2 protein chains.
Amino acid sequence: MTVATQRVADHLRSAILGGHIAPGERVRQEDIAQQLGASRLPVREALQMLAAEGLVEHEPNKGARVPWLSMHEVDVMYKMREQLEPLALAESMPFLTPGDLLRLDEIQEEIETGVDVESFMSLDREFHLRTYSACGIDQLTNAVTRLWNSTQYYRRAFMQLTGPSRRWVVNAEHRLIIDAVSRRDEVDAGRFLAGHIRRTRIELRRHPEVFAE
Amino acid sequence: MTVATQRVADHLRSAILGGHIAPGERVRQEDIAQQLGASRLPVREALQMLAAEGLVEHEPNKGARVPWLSMHEVDVMYKMREQLEPLALAESMPFLTPGDLLRLDEIQEEIETGVDVESFMSLDREFHLRTYSACGIDQLTNAVTRLWNSTQYYRRAFMQLTGPSRRWVVNAEHRLIIDAVSRRDEVDAGRFLAGHIRRTRIELRRHPEVFAE
DNA sequence: CTGCCATGCATTGGATCCAATTTTCAACCC
DNA sequence: GGGTTGAAAATTGGATCCAATGCATGGCAG
């Protein structure tokens with residue numbers, strides 16, 4: 001079961017995260033199967049996984065499609081991030097090596113060179129998620145990753161809309177977080193991280209045109 | 001796909017939550033299929049869903065089994081609950097009807113009659129989860145429900161071990177929460193709820209014999 | 001008697017096939 | 001001309017079948 005199913009699930013996940021399958025769009029089993037040279041069966045199993053992750057919706061006899069999220073839904077998901085990510089960072093803190101800290105710095109330096117939207121999205125994602133994975137608690141990292149995945153489309157739409165104008169705020173916040181993590185100050189780190197997420201949420205709310213309805 | 005798969009998934013979920021399939025136990029596809037009078041295919045798809053929910057682990061060519069959780073994992077999951085459930089309650093608060101509040105009171109009264117472990121588990125679950133579902137944000141209620149599901153086995157083992165001795169603490173905390181919710185005081189309600197979960201977590205940590213290793 | 005290897009059984013992984021439902025599109029009636 | 005109804009095509013749901021992998025038992029050699 002697993003090998004083909006896993007391949008298909010990974011493919012579909014990155015297709016959705018990459019914006020190649022947009023909200024509202026239907027995912028036909030046969031299409032994906034041919035595209036990957038597999039039968040429909042692994043595709044169906046992969047779709048069940050993605051449905052459980054919230055990346056697709058499944059209606060009986062109608063198939064799978066990527067769901068639209070309302071602004072309110074995304075807003076609440078950002079509030080969830082605001083609660084969970086400081087916890088994830090605190091749980092990871094004891095396991096972060098000097099090498100991890102160096103990598104954080106590298107990522108941030110690259111972000112500050114003023115990369116394009118796609119590169120920024122990928123680097124920003126790594127900046128946050130790689131840090132959390134050190135805690136080793138799958139249930140926690142999975143929950144956070146799911147929140148990132150489900151909201152990725154709207155984050156991209158927002159950034160394409162606003163451009164890199166307020167990128168300097170992100171940089172300042174990231175630097176504060178890096179600094180606190182380096183000092184192993186989990187209270188400060190959590191505070192800065194929560195503030196960072198909170199500010200992003202508020203800014204996102206200023207652009208309702210990104211969402212459904 | 002969905003009707004049979006959903007049936008199988010629901011069946012397996014309640015079998016695991018009911019303790020009829022314990023951690024470490026293997027879930028054979030053929031067994032479940034015969035048990036429900038279906039073919040193996042819906043079973044396989046249901047197992048993918050449960051795997052994504054964390055209720056089973058899937059190893060290639062070896063099949064699915066219910067995973068053991070370490071004390072540390074459960075501890076972190078309780079910390080996640082401590083973060084998420086106050087948020088869920090706050091988001092639900094505006095949508096709670098007088099009827100909902102009445103139901104909360106009913107449940108708590110029944111708990112206070114001194115029911116057995118199984119009834120308590122079910123009533124306690126309803127007390128918490130039904131409240132949150134009013135918020136209407138699937139991503140939030142699902143996340144919380146998953147945390148309850150994954151830790152249910154250890155909660156039951158803990159209660160069977162300690163008996164109803166400290167049930168009065170739960171009752172007092174529930175009453176505080178009900179009262180705050182009735183007053184529509186989301187700050188107090190969140191505080192009491194977080195404290196309730198936190199105390200449970202600490203007490204659970206006193207019984208390492210419940211966990212793996 | 002013990003440890004290793006091989007053969008056979010059980011279980012899972014994947015593909016193909018058929019039935020059921022939905023969707024599309026066109027003809028027809030108002 | 002627009003809306004409704006019908007049938008055909010497309011798509012999904014479910015079952016059966018075959019291959020591949022893992023596990024256990026038993027035989028053989030040391």
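**Entry 1. A salt bridge between H5 and H6 of chain B**

I began with the side chains of B:Arg103 and B:Glu126, which meet in a salt bridge with an N to O distance of 3.1 Å. The model I am reading is a predicted one. I then looked up where the two partners sit: B:Arg103 belongs to helix H5 (residues 98-112) of chain B and B:Glu126 to helix H6 (residues 117-133) of chain B. The pair is 23 residues apart and links distant parts of the chain. I noted a relative accessibility of 25% for B:Arg103, which therefore counts as partly exposed, since the buried class ends under 20% and the exposed class starts over 50%.

**Entry 2. Other salt bridges**

I took the total over all chains, and the structure holds 44 salt bridges. One of them joins B:Asp75 to B:Arg205, with the closest N and O atoms 3.3 Å apart. B:Asp75 is in helix H4 (residues 71-92) of chain B and B:Arg205 is in helix H9 (residues 186-205) of chain B, so this pair ties together parts that are 130 residues apart in sequence. How accessible are B:Asp75 and B:Arg205? I found B:Asp75 buried at 6% relative accessibility, whereas B:Arg205 is partly exposed at 42%.

I next examined B:Arg81 and B:Glu85, which form a salt bridge with the closest N and O atoms 2.5 Å apart. They are 4 residues apart in helix H4 of chain B, so about one helical turn separates them. Both B:Arg81 and B:Glu85 are buried.

In chain A I recorded a network of salt bridges that links A:Asp179, A:Arg183, A:Asp185, A:Asp188 and A:Arg191.

**Entry 3. The surroundings of A:Glu85**

I turned to A:Glu85, which is found in helix H4 (residues 71-92) of chain A. Is A:Glu85 buried or exposed? Its relative accessible area is 0%, so I entered A:Glu85 as buried. Which side chains make polar contacts with the side chain of A:Glu85? I noted the side chain of A:Arg81 at 2.5 Å and the side chain of A:Trp148 at 2.9 Å. Leaving out residues up to four places away in sequence, I listed what A:Glu85 touches: A:His128, A:Tyr132, A:Val144, A:Trp148, A:Leu193 and A:Ile197. A:Trp148 thus appears both in this list of contacts and as a polar partner of A:Glu85.

**Entry 4. The contact between chain A and chain B**

I counted the residues in the contact and obtained 29 from chain A and 29 from chain B. About 3100 Å² is buried between the two chains, and carbon and sulfur atoms give 65% of this area. I found 4 salt bridges between chain A and chain B. For one salt bridge I looked up the partners, B:Glu91 and A:Lys79, whose side chains meet at 2.8 Å, N to O. The count of residue pairs in polar contact between the chains, both at pLDDT 80 or more, is 4.

Which elements of chain A give two or more residues to the side that touches chain B? I noted helix H1 (2-17), helix H3 (40-53), H4 and helix H7 (138-162) of chain A. H4(A) gives the most, with 10 residues. By class, this side of chain A has 13 nonpolar, 10 polar and 6 charged residues.

**Entry 5. The relation of the two copies**

I checked the superposition: a turn of 180 degrees with a shift of 0.0 Å along the axis lays chain A on chain B with an RMSD of 0.0 Å. The copies are therefore related as by a two-fold rotation axis. The same surface serves both copies, as 100% of the contact residues of chain A recur in chain B.

**Entry 6. Asn61 and Gln35**

I looked up backbone angles and found a positive phi of about 65 degrees at A:Asn61, although this residue is not a glycine. A:Asn61 is placed in the loop between strand E2 (57-59) and strand E3 (63-65) of chain A, and I recorded A:Asn61 as exposed at 81% relative accessible area. In chain B, phi of B:Asn61 is near 65 degrees. B:Asn61 lies in the loop between strand E2 (57-59) and strand E3 (63-65) of chain B and counts as exposed at 82% relative accessibility.

I closed with A:Gln35, which lies in helix H2 (residues 29-36) of chain A. A:Gln35 is exposed, with a relative accessible area of 52%, and that value is over the 50% limit for the class. The C-alpha atoms of A:Gln35 and A:Leu104 are separated by 36 Å, the two residues being 69 residues apart along the chain.

Note on methods
Residues numbered from 1 in each chain as written. Chains lettered and ligands numbered in written order. Predicted model: local features only at pLDDT ≥ 70, side-chain atom pairs only at ≥ 80, totals over all residues. Heavy atoms only, no water. Buried < 20%, exposed > 50% of the residue type's maximum accessible area, 1.4 Å probe, protein only. Polar contact = N/O pair within 3.5 Å; in protein donor to acceptor, adjacent residues only side chain to side chain. Contact = heavy atoms within 4.5 Å. Buried area = accessible area lost by both parts, 1.4 Å probe. Nonpolar A, V, L, I, M, F, W, Y, C, P; charged D, E, K, R; others polar. Least-squares fit on C-alpha atoms with pLDDT ≥ 70 in both.
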